[in-house]
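Welcome! Have the sequence and the 3D view ready, and try each task before you read its solution.

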Amino acid sequence: VCSSELLQISKVAANLGTVMNIDSVIICGGQASARQQEKLKRTPQLIIGTPGRLLDHLSRKAIDLSHVNKIVIDEADEMLKLGFIEDVEILIKAASSDSQLILCSATIPERIKRLAAQFMNDPQTIFIEPKVVTLDNIKQSVIKVKEGAKLDKLCEILEQEQPYLANVYPRDTRNIGKIGRA
């Protein structure tokens with residue numbers, strides 16, 4: 001299934017692609033495989049996808065990765081936790097032997113180090129120090145509410161506070177459409 005992060009990356013890639021004349025395609029579960037195969041026939045320069053669906057297309061010979069010269073693996077440590085690292089290895093092996101590999105990871109467990117050593121020449125580690133975020137102007141609150149009353153309470157707070165901007169992060173999207181009608 002396409003995660004919100006993958007969809008966000010795809011949207012940015014499409015916008016940049018329009019300006020830079022780069023055709024991109026998103027390949028992930030939850031979408032019709034046949035439709036994705038049609039998009040792959042256009043031979044896009046940029047493919048954004050999940051390991052499982054990319055492997056599916058690879059096994060069907062709907063995608064040829066032998067000419068891929070750049071691979072970016074985002075959230076490599078999460079791929080490891082979720083059990084996708086072997087799938088990632090298969091995909092890397094299917095790419096050109098001289099492809100450039102970039103692994104992005106919040107943590108670098110031993111298995112990720114081994115992956116880097118196996119597929120990279122002289123891998124370099126770049127650490128990015130987090131910037132200190134000041135929250136002086138941000139008010140954060142925790143309010144305990146029964147399950148069935150959450151939407152009403154949210155609407156009540158928004159009406160009472162009338163914030164200029166507000167971010168609401170629901171655990172899931174089941175009731176998100178009801179906010180506009182509340």
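## Exercise 1: A histidine and its neighbours

Leaving aside residues up to four places away in sequence, histidine 57 touches Ile27, Ser33, Gln36, Gln37, Leu40, Ala62 and Ile63, where contact means heavy atoms within 4.5 Å. Before going on, a word on the source: this is a predicted model, in which local features need pLDDT of at least 70, side-chain atom pairs count only at pLDDT 80 or more, and totals for chains, interfaces and linings use all residues. Residues are numbered from 1 along each chain as its sequence is written, and side-chain values use heavy atoms, with hydrogens and water left out.

**Task.** Find the element that holds histidine 57, and decide whether this residue counts as buried or exposed.

**Solution.**
- Step 1: locate the residue. Histidine 57 sits in helix α3; helices (H or I, at least four residues) and strands (E, at least two) are DSSP runs, numbered from the N terminus.
- Step 2: recall the cut-offs. Buried means under 20% relative accessible area, exposed over 50%, and partly exposed in between (1.4 Å probe, protein chains only).
- Step 3: apply them. Histidine 57 has 0% relative accessibility and therefore counts as buried.

## Exercise 2: The whole chain

**Task.** Work out how many helices and strands the protein has, and in which pattern they follow along the sequence.

**Solution.**
- Step 1: count. There are seven helices and four strands.
- Step 2: read along the sequence. The pattern is α-β-α-β-α-β-α-α-β-α-α.
- Step 3: look at burial. The protein has 182 residues, of which 25% count as buried.
- Step 4: look at contacts. Taking those between residues at least 6 apart in sequence, 55% join residues at least 24 apart.

## Exercise 3: The two sides of α1

**Task.** Describe the span of helix α1, then say which of its residues are buried and which are exposed.

**Solution.**
- Step 1: take the span. Helix α1 covers residues 4-20, 17 residues in total, and reaches 24 Å from its first C-alpha to its last, close to the 24 Å expected at 1.5 Å a residue. The expected span is 1.5 Å times one less than the number of residues.
- Step 2: pick out the buried residues. In α1 these are Leu6, Ser10, Ala13 and Gly17. They cover an arc of only 65 degrees around the axis, so they lie on the same side of α1; the arc is that of the directions from the helix axis to the C-beta atoms.
- Step 3: turn to the other side of α1. Ser4, Glu5, Gln8, Lys11, Thr18 and Val19 are exposed there.
- Step 4: see what covers the buried residues of α1. The cover includes β1 (24-27) and β2 (46-49).

## Exercise 4: Two ways of packing against α5

Two packed helices are described by the angle between their axes and the distance between the axes.

**Task.** Find how α3 and α5 are oriented to each other, and do likewise for α5 and α6.

**Solution.**
- Step 1: start with α3 (residues 51-59) and α5 (residues 85-94). Their axes come within 9 Å and cross at roughly 45 degrees. Axes are lines fitted to C-alpha atoms, for helices over the stretch in contact, and angles run from 0 to 180 degrees between N-to-C directions.
- Step 2: classify the angle. Angles under 35 degrees count as roughly parallel, over 145 as roughly antiparallel, 65 to 115 as roughly perpendicular and the rest as oblique. Helices α3 and α5 are therefore oblique to each other.
- Step 3: name the residues. Pro51, Leu54, Leu55 and Leu58 of α3 meet Asp87, Val88, Ile90, Leu91 and Ala94 of α5.
- Step 4: move to α5 and α6. They pack at an angle of about 10 degrees with their axes 12 Å apart, and are therefore roughly parallel to each other. Ile85, Glu89, Ile92 and Lys93 of α5 make this contact with Arg111, Ile112, Leu115, Gln118 and Phe119 of α6.

## Exercise 5: Positive phi in loops

Most residues other than glycine have a negative phi.

**Task.** Place threonine 43 and glutamate 75 in the chain, and state the phi of threonine 43 and of glutamate 75.

**Solution.**
- Step 1: threonine 43 is in the loop between α2 (33-40) and β2. Its phi is positive, about 50 degrees, although the residue is not a glycine. At 61% relative accessibility, threonine 43 counts as exposed.
- Step 2: glutamate 75 is in the loop between β3 (70-73) and α4. Its phi is positive too, near 60 degrees. At 40% relative accessibility, glutamate 75 counts as partly exposed.
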